[in-house]
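Q: Could you take a close look at one part of this structure for me, the second chain, and walk me through how its pieces fit together? A connected account would suit me better than a list.

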Amino acid sequence: MQVVKLSLKKANKIPIEADNVNPDNFAGKPAEEIRAFLVWYGNGQCPLGDLFNVEVEGSDSAENTKIVFEGDVSRVKRIGQNMSAGEIEINGNVDMHCGSNMKGGKIVINGNADSWLGCEMTGGEIILNGNASYYVGAGYRGEACGMRGGKITVNGNTKDYLGEHMCGGEILVKGDVGLLPAISNNGGKIVIEGNATIPASEMKNGTVIIKGEVSDLLPSYKEEGTEEVEGVTYRKFMGDVNVGGKGILLIR
Amino acid sequence: MSEILIKNASVCDPTQGINCEAMDICIRDGKIVDSVSGNAKVIDAEGKLTMAGGFDGHTHSAGKINVGRFMNPNDARKNLVPGLSGQVARTEKTRAQVGYNTPNTYAIGYRYAKLGYTTICEAAIPLLAARHTHEEFKEIPILDKMGLSLFGSNWQVMEYIRDKEPEKLAAYIAWGLKASRGYGVKIVNPGGGEAWGWGRNVSGLYDPVPNFDVTPAEILMGLAEANERLQLPHSVHVHCNNLGKPGNYATTIETMKLFENVKPSRDRQALHVTHVQFNAYAGTSWRDFETGAPMVADYVNGADHLTFDLGQVIFGPAVTMTADGPVEYANARMLHEKWSNQDIELEDASGVVPLFYSPKSFVNAVQWAIGLELALLVKDPWKIMFTTDSPNGGSFVNYPEAFTYLMSAKRREEVISGFSKMALDRMVLPGIDRELDFYELAVMTRSAQSKMYSMPEKGNLKVGSDADIAIYDLLPGQVDPSTEYAKVKKAFSGAAYTLKGGEIVVKDGEIEATPKGKTYWVNAKVPESIDAAMQKDIDLKFRKYYTVSKANYMVEDSYIQKPVEIDTEGVF
């Protein structure tokens, strides 16, 4: 087991792009090498060690590597981008694009996450013990496919465009979500335990289950009886018929 | 005075009939000359393939491509052809580059130059949006540029044709070219752009345009007559009716036949038909869709009055952009894709739809084959201009890949082996074993263009021509393109040297310098009395219909970078 502990030397106002901070890159490396990793800080690059205190215990493969961020990193972006194994624990708030394009492994965030959490991820798991902002599990601007696999659990609320263009995988939100969750979905499963507004618009495929209240459901869905999931009976809708969609929307 | 001597080049210059012969080329002050002094900078080309700079006569590189950029922010990060696409940070010499199908303006200039291309012709300038086109031209480095102005669904054009006023029509074309600083007359789906304003299309050459009582055939003939009356350097440049529809090869041949009696006013074709791949479809629906290339090629082989370009398909993502509004609507609906639609007021329509050509789709596979069939079945390469209608059939950065299809039957077989049986049944390509040589390739990529656009100083290495030269890291005698196609692709992907106006702009596939290119436009002279009468008519149009005034409509000199005015004398 290898544990890499990172803590900011000083709270930063200018964003840091930590797109190479992941277990795949840190596995088996001593502290000096990790400190030498270059990250973008504003419009220039600087070594990770200039911005963070770095402590390393042990040395192991990516699967057995854990990176722990102590304290708030709400101006550090792209933590865990492209990671395929291991674990990242963030004990504080985190900036945008955390876990983007993630392929495997696990990220646990004990704080809030900014927008684009787990965007375009294809595998692995993200657990957020806090609230998320916009575009959880969504796709890059203009792309037809967002999240394709893996699982995101949000133990709080999220803002708008949850799972935009999602093509696979699973998102579970324990709290409420904002406007237009599951917009243009083409696969995957989204479970929302709280309330949602205008869900599943232009959905082509996939499943959306909303346990709380739904506001402004679009008229472009066909109601097709009821369906029981885990002992609860939902009204079942198919659509969005505007795009010839075959998605399933279950609401109470 | 700057002098360059290119030594021991293996020169391929079809205009002079030179086929890979060892020669020296002398350059002084941007022109090719007979001899240079001993002080000339020497480039040792050591038997390397040397051609005139490439000339892409039909590309969407300024104007509508910007709508493609808005719609496809994701294109910015696509890097499907490493070295010629994707995100590249700025360097001392180059600006930052992004994109693949819709790269930023700087990337367009750099990447064409890396391929050894030095001149491009924007395929469609809506008169109303011409300022924007020229603003983009300004920011495309290195290349010489020109553009074709759209006239095929223009109210004033259709009225003059209906009212049988050929002289005023010619005056209007001359004014339109001046207003847009265009080089020639582009006709897109004649009449169809206007019909699209009513949610309709025209179904063929003799289907009248709503409210104008003229047919596409009359528009074509009227504009061709005006084009020749003004003695314009290029013939009319026609995107036929019914593009993209199964069975449209018949319309294409019919259009070509219409022009048999048009007498060109200069030593060039009477008609240029563009991206014929999209117009050479047989069958009656997408179910029984098949190639119509053999029929079109048959006709072209027996005709002397026309030239065409391919519109070759490249597998992968592409962005279709055309003034043919109804086609883009059909594409968007059929493919469930993003759709942009624009109304160009009194002039035309336009649309943009991104799409993906997949070798697994039998339709796409047959489309891919049709482009190559046209290139290989038409015997005379001087009738053909190589294009992908970039980025409609695929980005121009794939030209080297496409060259290998033309030059190697083995390479084609490799691709074909991935096709379904259904696709193979609908094409004739597997039975064609013709392979182009460097000479024929040079004809299709530069020399034919020189003649098509009446630009004697481009596309050849004659003494007096512009010193736009591409030297590729390829020894013609020692490389067999039919088997060593990987080498061919590599060499064409990054020229050993590209010279633009006698300046080294590319060396070993990397940008060396980024001079500003020239902008060519045509100023056709029209008698004052006819011009004045025509101006009265368009003044009325501006007062009644246009959202802009005439004064704000004209492209002013300040928009044009290093303008080259080509003067012609109209015959009235």
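A: Start with the contacts in chain B that span a separation of 6 or more: 78% of them join residues 24 or more positions apart. Keep in mind that this is a predicted model. Chain B holds 18 helices and 24 strands. Its radius of gyration is 22 Å, close to the 25 Å that the globule rule gives for 572 residues, so chain B is as compact as a globular protein of that length. Along the principal axes, its C-alpha atoms fill a box of roughly 65 × 60 × 45 Å. As for burial, 57% of the 572 residues in chain B count as buried.

Now for the inside. The largest nonpolar core has 168 residues, and the members that touch the most others are Ile173(B), Leu223(B) and Leu374(B). The element that gives the most to this core is helix H11 of chain B (residues 362-377), with ten residues. Let's zoom in on Leu374(B): leaving out residues up to four places away in sequence, Leu374(B) touches Val276(B), Gln277(B), Ala280(B), Ala293(B), Val296(B), Ala297(B) and Leu310(B). Apart from this core lies another one, of 63 residues, and that one includes Ile16(A), Ile126(A), Ala132(A) and Leu249(A).

Helix H8 of chain B (residues 249-258) is worth a stop too. Its buried residues are Tyr249(B), Thr251(B), Thr252(B), Ile253(B), Thr255(B) and Met256(B). What do they pack against? The partners of the buried residues of H8(B) are two helices of chain B, H7 (216-229) and H9 (293-301), along with the strands S10 (236-239), S11 (271-273), S12 (281-282) and S14 (306-309).

Next, a helix pair. Two packed helices are described by the angle between their axes and the distance between the axes. For helix H12 (residues 399-407) and helix H16 (residues 485-493) of chain B, the angle is about 145 degrees and the axes are 8 Å apart. The crossing of H12(B) past H16(B) is right-handed. On the H12(B) side, the residues that meet the partner are Tyr399(B), Pro400(B), Glu401(B), Phe403(B), Thr404(B) and Met407(B), while H16(B) brings Tyr485(B), Val488(B), Lys489(B), Phe492(B) and Ser493(B). Sorted by class, that contact has seven nonpolar, two polar and two charged residues.

From there, have a look at Val81(B), which sits in the loop between helix H1 (65-71) and helix H2 (105-114) of chain B. Setting aside neighbours within four places in sequence, Val81(B) is in contact with Val397(B) and Asn398(B). Is Val81(B) buried or partly exposed? With 19 other C-beta atoms within 10 Å, Val81(B) is partly exposed, because a buried residue needs 20 or more. Gly431(B), by contrast, is no contact partner to look for here: the C-alpha atoms of Val81(B) and Gly431(B) are separated by 30 Å, with their places 350 residues apart along the chain.

Finally, the other chain. Five residues of chain A are in contact with five residues of chain B. By class, the side of chain A that touches chain B has two nonpolar, one polar and two charged residues.

Terms used
Residues numbered from 1 in each chain as written. Chains lettered and ligands numbered in written order. Predicted model: local features only at pLDDT ≥ 70, side-chain atom pairs only at ≥ 80, totals over all residues. Axes fitted to C-alpha atoms, helices over the stretch in contact; angles between N-to-C directions. Helix = DSSP H or I, 4+ residues; strand = E, 2+ residues; numbered from the N terminus. Left-handed = near helix turned anticlockwise from the far one by under 90°. Contact = placed C-beta atoms within 7 Å. Nonpolar A, V, L, I, M, F, W, Y, C, P; charged D, E, K, R; others polar. Rg over C-alpha atoms; globule rule 2.2 N^0.38 Å. Buried ≥ 20, exposed ≤ 12 C-beta atoms within 10 Å, placed from the backbone. Core = buried A, V, L, I, M, F, W, Y, C linked by C-beta atoms within 7 Å.
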